[in-house]
Structures are given as C-alpha cells and as structure tokens.
Amino acid sequence: MTTFEITEDFLLDGKPFKILSGAIHYFRVEPSDWYHSLYNLKALGFNTVETYVPWNMHEPKKGAFRFDGILDLERFLTIAQELGLYAIVRPSPYICAEWEFGGFPAWLLNEPIRLRTNEPAYLAHVAEYYDVLMSKIVPHQLSNGGNVLMIQIENEYGSYGEEKAYLRSIKELMIERGITAPFFTSDGPWRATLRAGSMIEEGILVTGNFGSKAKENFASMQRFFEEHEKKWPLMCMEFWDGWFNRWNEPIIQRDPQELAEAVREVLAQGSINLYIFHGGTNFGFMNGCSARGVIDLPQITSYDYEAPLNEQGNPTEKYYALQKMIHENYPEIQQLKPLIKQTIEKKPIPLANKVSLFATLDTISEPVQATYPQTMEQLGQNTGYLLYRTMIEKDAEEERLRVIDGRDRSQLFLNGEWKATQYQTEIGEDIQVSMAQENNQLDLLIENMGRVNYGHKLFADTQKKGIRTGVMADLHFLTGWTHYSLPLDSCEAVDYSREWQPSQPSFYRYTFELDELEDTFIDLEKFGKGVVFVNQVNIGRFWEVGPTVSLYIPKGFLKEGMNEIVIFETEGTYEPEIRLVKEPLYKDMK
C-alpha cells in the first residue's frame with residue numbers, strides 16, 4: 001500500500017516527493033473529456049490532479065443529492081488513478097472558484113444562519129452534506145487503495161474569518177466520516193491571512209496561493225513556519241497561470257515564457273498546483289460574480305482562464321512552454337505527446353421554430369400568487385430567470401414606475417411591449433410609461449446573473465435574487481403578483497405552436513443532422529443576451545457585450561443524426577440561420 005506523509009518534506013513511500021499538480025474541475029468538463037484532460041496533465045510530466053467539490057451542484061435542493069454524469073466525482077478520481085495520477089481533493093463547504101455563490105447552495109439563503117462560522121445550525125447542514133459526500137471520497141484515499149493524497153479543510157478562510165473553532169469543526173466532521181488523509185489549509189501567503197486561516201498550532205499543513213514572485217511569497221510563508229517552529233515543505237496550492245474574465249472586459253492574458261519561468265521559480269523551492277490546468281466551462285448558470293462596492297460583476301460562461309489547456313482541453317502555448325521548461329530542468333520526468341481534439345463546423349443551420357416567452361409561459365412554469373413580490377429563494381428557485389406579473393390601473397396618462405431593491409437585471413414590459421432595461425445600480429430609478437388602457441398588464445423579467453463567490457458580500461442580502469422589496473407606481477407599492485419561476489434547466493415544455501411577437505424574450509429552435517461528432521462552437525455574434533440549449537443541456541449564457549461571442553459545445557452533448565439547439569434570447573434579436581464554427585469568437589474590446 002502506498003503511503004504519504006508530511007514531515008520536513010512530502011514523503012511518498014518514505015521517499016521525498018515533489019507534488020506537480022494541476023487543477024481540473026470535473027464539474028466544468030463534459031465527462032467523456034475527463035480522460036483527455038487528465039491524460040494531458042500526465043503527459044506534461046505532472047503526477048497529481050486537484051479538484052474542488054461544489055456543494056450547490058451535489059445538493060441543489062436540501063436533502064436531494066446528485067453524483068451522476070458530470071458530478072460523478074468517484075469516476076473522475078478513478079480515471080485519474082488509472083492514468084497514474086494522485087489527487088488532492090478540496091471538499092470544503094466554500095470553494096470560491098469563480099463559481100456561483102462560491103459553491104454554497106442558494107437554499108442556505110433562506111436559513112437564519114451565518115455561513116462559514118461555528119454556528120450549530122450551519123454545521124448541521126454541512127454534516128448532512130458530508131454524510132453523503134465523504135462516503136464518495138473515503139474509498140479513494142491512499143489508505144484504501146485509492147489515489148487521494150491530501151484533503152483541504154476550508155478554502156482561503158484567512159480572507160474571510162479567523163474562527164479557529166469553526167475550522168476544527170469542519171476537520172472533525174470529516175474525521176468522523178472516515179477521512180484519514182493528511183489535511184491542509186490554503187491562504188494568501190502573507191502573515192495576516194496565514195494567521196487567520198491556518199491551523200498551524202494543531203499541526204495542519206499550511207499552503208499558499210499566489211501567481212508570481214515565488215521567492216518572496218515562500219519567504220513570507222517560511223517566516224510564518226519558523227514563528228511556530230514548523231519545518232514543512234513549501235507548496236503553492238494555487239499558482240495562478242491565467243485569470244478569469246468578466247462581461248464587457250477584455251480577455252486577460254499572460255506571456256507563456258514568463259509563466260514557465262515563474263513556475264520554474266516555484267519548483268526550485270517547493271511543490272505546485274497550477275490553478276488552473278484545464279478551466280473548462282461554467283455550464284448553465286454556474287458562473288460566479290466579483291463583488292465591487294455597490295455593484296457585482298458577473299463572470300462569463302467560458303472558464304478558459306488562458307490556462308495550459310484551453311476551454312476545449314487542447315494544449316496552448318503555455319502548455320508547450322511548461323513542457324520545455326520541465327524537460328530542461330527535470331530531464332528525469334517522463335513526458336508524452338499530448339492529445340489534441342478536433343473541431344467541426346456546420347453552416348448554415350436554418351431556424352425551425354420560434355415562440356415568445358409570454359405565449360408559452362404557462363407550459364414551462366407553474367404560477368405562484370402572492371400579495372407582494374417574492375424573491376427567487378423564497379420560491380425555492382436557485383438560478384435562472386423569474387417573471388413577475390400584475391395588473392395596474394391607469395391613474396394618469398404618464399405613470400412613474402420604480403423597481404425597489406432588485407437583482408440583477410430587470411426588463412419591464414407593459415402590455416407585452418418592452419419599456420426599460422435596468423441593471424443593478426439603475427434598478428430603482430424612475431421608469432416613465434404611457435398608460436394606453438384602463439387596465440394594463442405589467443411584466444418584469446428578472447435575471448439572476450450570478451452570486452458573488454468571494455469576499456465580504458458572500459452572505460449579504462444582495463445575494464438574494466429577484467425583487468426583494470417591491471414595485472412602486474406613483475408613491476405606492478403594487479400588489480397582486482403572479483410569479484413564474486424560470487430556472488431553465490431544460491426547455492422541453494416550450495410550445496412552439498403558439499405565437500411569436502417581435503421585441504419580446506423568445507425561444508428560437510434550430511435543428512440539424514450530424515454524421516460525425518467533434519467539438520464545436522456556436523456563433524452568437526448577432527444575438528443579444530440569453531442562454532443556449534444543446535439537446536436540452538443548458539450550456540451557458542451569452543451576451544453581445546463580450547468579450548466572448550460564442551459558446552463551446554463539447555462533442556459529448558451532440559449525437560449522430562438529428563440535433564437540436566434552442567436559444568432563449570431576451571433582447572428581441574435573432575437570426576434566421578446560425579452556424580457552428582471551429583474556433584471561439586471574441587468581440588474587439590479596444
């Protein structure tokens with residue numbers, strides 16, 4: 001049986017072991033591509049894969065657990081082991097990861113608890129989750145013949161809190177459920193975060209997260225070790241080799257040769273986990289959001305991260321620069337030729353059907369009545385869209401309307417006609433409308449564009465989505481609301497026999513045949529905003545503001561014969577034909 005210890009060095013079967021790890025998040029990669037990504041990690045000469053575990057995907061509803069398909073953590077670990085890769089697993093309740101709500105399930109927002117604390121009510125939810133999750137991880141520990149080297153207790157806790165009793169509770173919850181692998185914490189490499197987020201007094205390995213200046217950052221960590229009389233191996237648990245991207249901002253880039261030299265500097269002193277090796281995709285509505293003052297900045301669907309493997313999983317210039325650096329500095333490490341997937345194109349694909357959201361609303365959502373608007377969380381909905389509807393009497397020719405305290409993006413329609421779109425800081429401003437009828441239908445389509453994944457807003461009221469206070473006409477709140485939840489997990493119930501109206505949110509259906517299956521990208525340059533379904537799988541959001549104006553379609557979502565693409569578009573823009581292309585498309589952000 002293989003053994004792993006942490007002394008003054010990492011010891012594998014009693015011999016010094018340098019961890020060369022790369023992060024691949026199984027939940028961001030279509031399962032039939034796991035082998036491809038893991039093989040390319042091994043081919044680079046690396047020996048370990050690291051992954052987070054997203055609570056919100058594994059328990060989307062309280063007590064309803066999922067570990068199938070893209071969430072089959074055990075299968076991912078097994079494939080890694082078969083390829084000769086060890087694993088580092090980070091199952092902390094909070095993962096950050098530029099992921100919706102930092103991995104927390106949205107239903108926690110209905111609870112009178114404070115996240116990431118030692119509160120018994122919060123820990124009870126974690127315990128019930130761990131009852132199921134740890135049973136999936138324990139069999140894969142080294143001590144049970146698996147490949148899991150280490151387990152993380154919490155994630156960058158020193159950037160959030162300093163409650164050591166909480167960290168001890170999380171550790172004990174895992175131990176009680178069979179975790180025997182060594183634990184670690186990971187934080188920023190400076191003293192304040194290391195002191196607040198580590199368990200160094202209890203002998204739990206401390207690792208650091210940074211993306212450059214290894215000598216300075218490791219020196220800072222070393223001083224912290226010496227302060228506590230610890231002699232431990234140095235490890236960068238997240239070496240940021242690229243960066244995530246947000247809507248309406250240019251793609252962030254990093255020079256491949258500079259990265260290779262920076263990684264060499266890390267390896268000269270310690271071990272590394274490249275964050276991220278293969279980023280993949282924030283499928284569905286799983287993108288995270290950055291907190292900036294009063295505004296939150298949602299991230300894009302692609303999690304390409306400008307990583308060594310691109311969104312598709314193919315090697316980039318960074319991969320080859322790292323490959324060369326490792327070969328020159330560690331010639332004893334075996335390297336292999338990486339796998340490269342192909343792409344296909346298909347054009348033109350004609351529009352088959354279209355229907356307005358309002359026309360098919362009753363087939364895709366059950367109405368819920370309430371006097372005042374309810375939030376998404378109150379309605380038991382996690383992500384997606386929410387349509388609010390009420391009737392408003394004509395009191396004057398021009399009426400002043402206001403949405404009070406709503407998130408994140410609001411489109412207002414009067415009698416089916418678009419009147420205004422407001423986003424975060426604009427919500428609450430006056431909307432002047434003309435009342436053409438004595439009684440008028442008022443609709444508000446609210447989009448949850450992603451909850452913050454890091455920082456002080458993590459459990460703030462701003463993360464509750466939808467209309468949180470109400471809608472005012474003149475100086476009074478309107479009542480008598482009908483709610484239509486639109487999580488859009490699929491679009492099977494859309495009725496295309498009903499009418500389509502221009503300038504309304506609508507579903508557009510395209511069908512096409514394939515006799516060969518490869519990855520591809522859908523061109524969305526001429527669409528406004530919305531989401532795309534490929535054979536009923538929600539592959540993510542698009543938005544004309546860029547930087548990306550295409551979405552990646554893994555071949556695992558396609559099938560031989562007839563295929564279907566449905567585009568839910570909210571701005572009233574569509575094309576009579578679409579095309580699938582071989583490369584991702586970007587908007588010129590200059």
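Me: Which strands make up the open sheet with the order that starts at β1, and how do they pair?
Reply: That open sheet has 3 strands in the order β1-β2-β3, with antiparallel pairing. Strands here are DSSP runs of E with at least two residues, numbered from the N terminus, and two strands pair if DSSP finds at least two bridges between them. This is a predicted model: local features need pLDDT of at least 70, side-chain atom pairs count only at pLDDT 80 or more, and totals for chains, interfaces and linings use all residues. Residues are numbered from 1 along each chain as its sequence is written, and side-chain values use heavy atoms, with hydrogens and water left out.

Me: Which ones are the edge strands there?
Reply: β1 (4-6) and β3 (15-16), each pairing on one side only. Strand β2 (residues 10-12) is joined to β3 by 2 bridges, and Leu11 sits opposite Pro16 in β3.

Me: Nice. What's the strand order in the open sheet of 4 strands?
Reply: The order is β20-β17-β22-β23, again with antiparallel pairing. Its edge strands are β20 (431-434) and β23 (476-477).

Me: How many bridges link β17 and β20?
Reply: There are 4 bridges between β20 and strand β17 (residues 398-407). In β20, Ser434 is the bridge partner of Glu398.

Me: Switching topic: is Val355 buried or exposed?
Reply: Val355 counts as buried because its relative accessibility is 0%; the cut-offs are under 20% relative accessible area for buried, over 50% for exposed and partly exposed in between (1.4 Å probe, protein chains only). Val355 is part of strand β14 (residues 346-356).

Me: What does Val355 touch, beyond residues up to four places away in sequence?
Reply: Its contacts (heavy atoms within 4.5 Å) include Thr360, Val494, Tyr496, Trp500 and Phe507. Glu499 is also on the list; its C-alpha is 5.6 Å from that of Val355, although the two are 144 residues apart in sequence.

Me: And the largest nonpolar core, which members touch the most others?
Reply: Met150, Phe239, Ile522, Val532, Ile565 and Ile567, out of 140 residues. A nonpolar core is a set of buried Ala, Val, Leu, Ile, Met, Phe, Trp, Tyr and Cys residues joined through side-chain atoms within 4.5 Å. Helix α4 (residues 120-137) gives the most to this core, with 9 residues.

Me: Why does this core lie between two domains?
Reply: Because domain 1 (4-330) and domain 2 (346-355 + 490-581) both give residues to this core. Those bounds come from an automatic or database domain assignment.
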